[in-house]
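This report considers the cysteines of one protein chain and a pocket in its structure. Please examine the sequence and the model shown here before reading on.

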Amino acid sequence: MGVKKLAIASIASILLVAAAISFTSKRHEHYSSNNNNNNVDSKISTSTKYIHAICQPTDYKQTCEKSLARANNTNDPKDLIKVAFSATINDLSNVIKNSKSLIQEAAKDPRTKEALHTCEGLLDVAIDDLRRSFDDINTLDVTKLSDYTDDLKTWLSAAITYQETCLDAFENTTGLTGERMKKLLKNAGELTSNDLAMVSSFGSVLTNLNLKLKIPGVNRRLLNAHDRMLHEINSNVLQPNAIVAIDGTGQYKSINEALRAVPKKNTQKFVIFIKAGFYHEYVDIPRKMNNIVFIGEGPTKTKITGNNNFADGTGTFKTATVAINGDNFMAKDISFENTAGPIKHQAVALRVSGDMAIFHNCQINGYQDTLYVHSYRQFYRDCTISGTIDFIFGDASAVFQNCKMIVRKPMASQACMVTAQGRKDRRGVGAIVMQNCEILAEQDFLATQPPIKAYLGRPWKEFSRTIIMQSLIDGFIAPEGWSIWAGNFALDTLFYAEYQNRGAGANTNNRVTWKGYQKNIAPEVAAGFAPGVFIMADEWVKLRGVPYESGLMRSLKEARKHKKPTSRDESSKKIKKQIHRKKWWRNALFFFKWNSNENPNAGDFNSGSFHRRCAVIGGSINGPVYITESRIGSSSSCRKIRRPFTGALIPSKKGDLDIPYINLKEFNMDQQFRITATSATPIYLVT
């Protein structure tokens with residue numbers, strides 16, 4: 001019975017649908033033209049709505065809407081962004097074509113001619129970054145939006161940087177070629193800025209349009225492409241693919257010879273072991289030569305040196321002794337230097353224009369413009385960088401951890417600036433971040449009278465961004481901390497910040513009062529610039545066997561919250577009382593045996609006595625260690641010397657202590673040490 005009723009109902013439904021179709025077809029004969037027009041109008045209306053939504057967050061809305069006019073009535077936000085990327089690529093390609101007509105005009109000025117050739121290469125790279133951004137949009141999985149946008153924002157920021165570097169190449173040139181190139185790049189610059197704005201706000205645009213897109217089965221590009229290679233890279237067990245030795249004991253006598261042996265379209269790590277020696281050559285690792293690893297025998301033994309400079313006619317971008325343009329580069333135990341000297345002005349020792357580059361235990365020495373952190377993501381650990389003016393500059397997302405920045409003596413009447421960050425666009429991802437670093441000066445600088453002014457940095461570009469946190473700033477840094485570039489340029493738009501710094505130069509009471517300067521940022525803001533968050537370093541640095549801290553380091557104040565005071569962790573008041581006690585040796589944390597003949601230049605300890613016995617009598621976890629000293633066998637009370645100890649400590653019965661930290665758990669209280677060297681780094685106690 002139920003089946004019969006169902007059959008009757010089904011037949012009735014079929015008849016009803018047939019009638020509806022018949023009626024609709026008759027109406028269609030009269031109104032098909034109107035309906036088609038309505039559908040088109042509806043599509044145009046929807047497309048216009050989406051274009052307005054996509055262009056809303058951009059700074060150049062008219063340019064944006066004009067570039068999307070060819071979108072063929074699409075209502076897919078991804079397609080609109082792809083159209084925008086294509087428009088930018090086409091515009092940049094036209095700039096390259098049109099710039100060729102300027103070469104004849106520039107023939108009279110060698111600098112202008114070089115600038116045009118530099119521009120052509122830079123704009124090609126900008127196009128390449130836009131193309132890989134276009135390809136990434138094709139595989140966009142909105143459920144993993146942040147993973148994609150981090151890469152896209154890095155590449156699009158770099159595309160902006162490359163265009164800006166092109167214009168920088170025309171500084172100090174003659175004629176009107178530079179101005180004409182600026183006009184040619186105006187529209188492309190606006191389009192690229194818009195592309196970055198679209199990507200940066202893509203998630204909110206989708207929300208505003210009530211869209212939920214999902215493309216399953218897509219994994220993060222970074223891990224897919226490099227996971228195997230990264231896991232293989234452990235700096236302690238790397239096996240060389242090529243050995244370079246200037247004395248002929250390797251496979252190659254020069255680094256450039258070894259690079260010519262790298263397979264084309266290389267996808268695996270290629271390790272070049274560079275034996276001790278001074279290599280007088282200019283090394284340029286080209287774009288797409290990825291996964292190159294340089295390993296030296298120590299930064300004082302393996303050196304790559306050059307002296308190209310601006311004063312002798314070479315543009316700043318081209319002065320680099322070593323230029324890294326390939327992705328996933330790594331260098332360890334090696335030195336890069338430019339010996340041109342301060343009189344030659346801009347002279348780059350190392351330029352890094354490759355994504356996900358790592359430098360571990362390297363020295364980068366020069367004077368003005370020593371290290372050009374040009375673009376993309378970069379990580380520096382346990383490195384030393386020296387220079388005079390703007391000696392760390394560029395627009396990369398560059399994090400320096402446990403590094404030393406050494407200010408050198410400049411020319412007469414010059415001031416020194418450690419950094420000159422060059423972020424051009426307010427949405428750009430670039431910044432210079434220093435974490436647990438030391439900002440120091442060499443002796444020649446300190447000995448100069450009248451004293452030389454030195455600053456933490458100055459704004460090279462409008463949205464310059466530099467963060468110095470948990471670092472030691474020595475007292476030679478001017479109380480105001482930061483310097484202007486020219487007049488009021490960028491003072492309201494820059495972002496300079498300090499957080500939990502220490503040292504005589506870390507006092508922020510007399511710092512500049514610019515709108516863009518933040519003297520004490522909140523912990524959550526500082527945490528956003530730690531490498532694990534800022535450059536996603538957990539995904540690529542951590543896997544390469546490089547010492548690395550992902551987040552903020554624990555401050556002394558925080559450490560005290562987690563540890564109760566003991567005889568080995570006394571307050572400063574108790575320490576002062578212990579100095580006067582006859583049995584203060586019993587309360588010492590460590591004992592040291594000092595032989596003045598072994599190192600007669602070890603600071604205040606050298607006072608003529610052959611042996612001295614020193615003891616740490618104070619200090620706390622992550623805080624400076626205080627010492628006192630007394631003659632061996634002397635019955636007199638100990639000399640009341642209480643100051644941070646800055647010597648390097650090596651256990652007398654154990655191996656070298658590589659870093660200036662002593663782990664309380666590893667040594668007995670009466671462990672003896674030999675003082676073998678001095679350092680500007682205080683000794684710290686850690687557990």
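## Disulfides and a pocket

In this predicted model, Cys55 and Cys64 are joined by a disulfide, with 2.0 Å between their sulfur atoms. A disulfide is a covalent bond between the sulfur atoms of two cysteines. The torsion about the S-S bond of Cys55 and Cys64 is about -80 degrees, so this disulfide is left-handed. Cys55 is buried, having a relative accessible area of 1%, and Cys64 is likewise buried, at 0% relative accessibility.

A search of the whole structure finds 2 disulfides. Cys119 and Cys166 form a disulfide with an S to S distance of 1.8 Å. About the S-S bond of Cys119 and Cys166 the torsion is about 95 degrees, so the disulfide is right-handed. Because Cys119 belongs to helix H4 (residues 110-138) and Cys166 to helix H5 (residues 145-168), the pair ties together parts that are 47 residues apart in sequence. Both Cys119 and Cys166 are buried. When the bonded cysteines are counted along the chain, the disulfides follow the pattern 1-2, 3-4.

Other cysteines can be examined in the same manner. A disulfide requires two cysteine sulfur atoms within 2.5 Å. The table lists two cysteines together with the closest cysteine sulfur to each.

| Cysteine | Closest cysteine sulfur | Distance between sulfurs |
|---|---|---|
| Cys362 | in Cys383 | 4.8 Å |
| Cys437 | in Cys403 | 4.8 Å |

Why does Cys362 form no bond with Cys383? The sulfur of Cys362 is 4.8 Å from that of Cys383, which is too far for a bond. The sulfur of Cys437 is likewise too far from that of Cys403 for a bond. As for accessibility, Cys362 is buried, with a relative accessible area of 1%, and Cys437 counts as buried at 0% relative accessibility.

The report now turns to the pocket. The second largest pocket holds about 1,200 Å³ of space. It is lined by 46 residues, of which Glu164, Leu167, Asp168, Lys424 and Lys461 are the closest to its centre. At least two lining residues come from each of H4, H5, helix H6 (177-200) and strand S16 (389-394). Which element supplies the largest share of the lining of this pocket? H6 does, with 9 residues. By residue class, the lining of the second largest pocket consists of 16 nonpolar, 13 polar and 17 charged residues.

H4 and H5 thus appear in both parts of this account: Cys119 lies in H4 and Cys166 in H5, and each of these helices supplies at least two residues of the pocket lining.

Definitions and conventions. Residues are numbered from 1 along each chain as its sequence is written. This is a predicted model: local features need pLDDT of at least 70, side-chain atom pairs count only at pLDDT 80 or more; totals for chains, interfaces and linings use all residues. Side-chain values use heavy atoms; hydrogens and water are left out. Buried means under 20% relative accessible area, exposed over 50%, partly exposed in between (1.4 Å probe, protein chains only). Helices (H or I, at least four residues) and strands (E, at least two) are DSSP runs, numbered from the N terminus. On a 1 Å grid over the protein atoms alone, a cavity is a set of points where a 1.4 Å probe fits but cannot get out, and a pocket is an open set with protein on both sides within 12 Å along at least five of seven lines; lining residues have an atom within 4 Å of a point. Grid points are joined across faces, edges and corners, and a volume is the space filled by probe spheres set on the points. Ala, Val, Leu, Ile, Met, Phe, Trp, Tyr, Cys and Pro count as nonpolar, Asp, Glu, Lys and Arg as charged, and the others, Gly among them, as polar.
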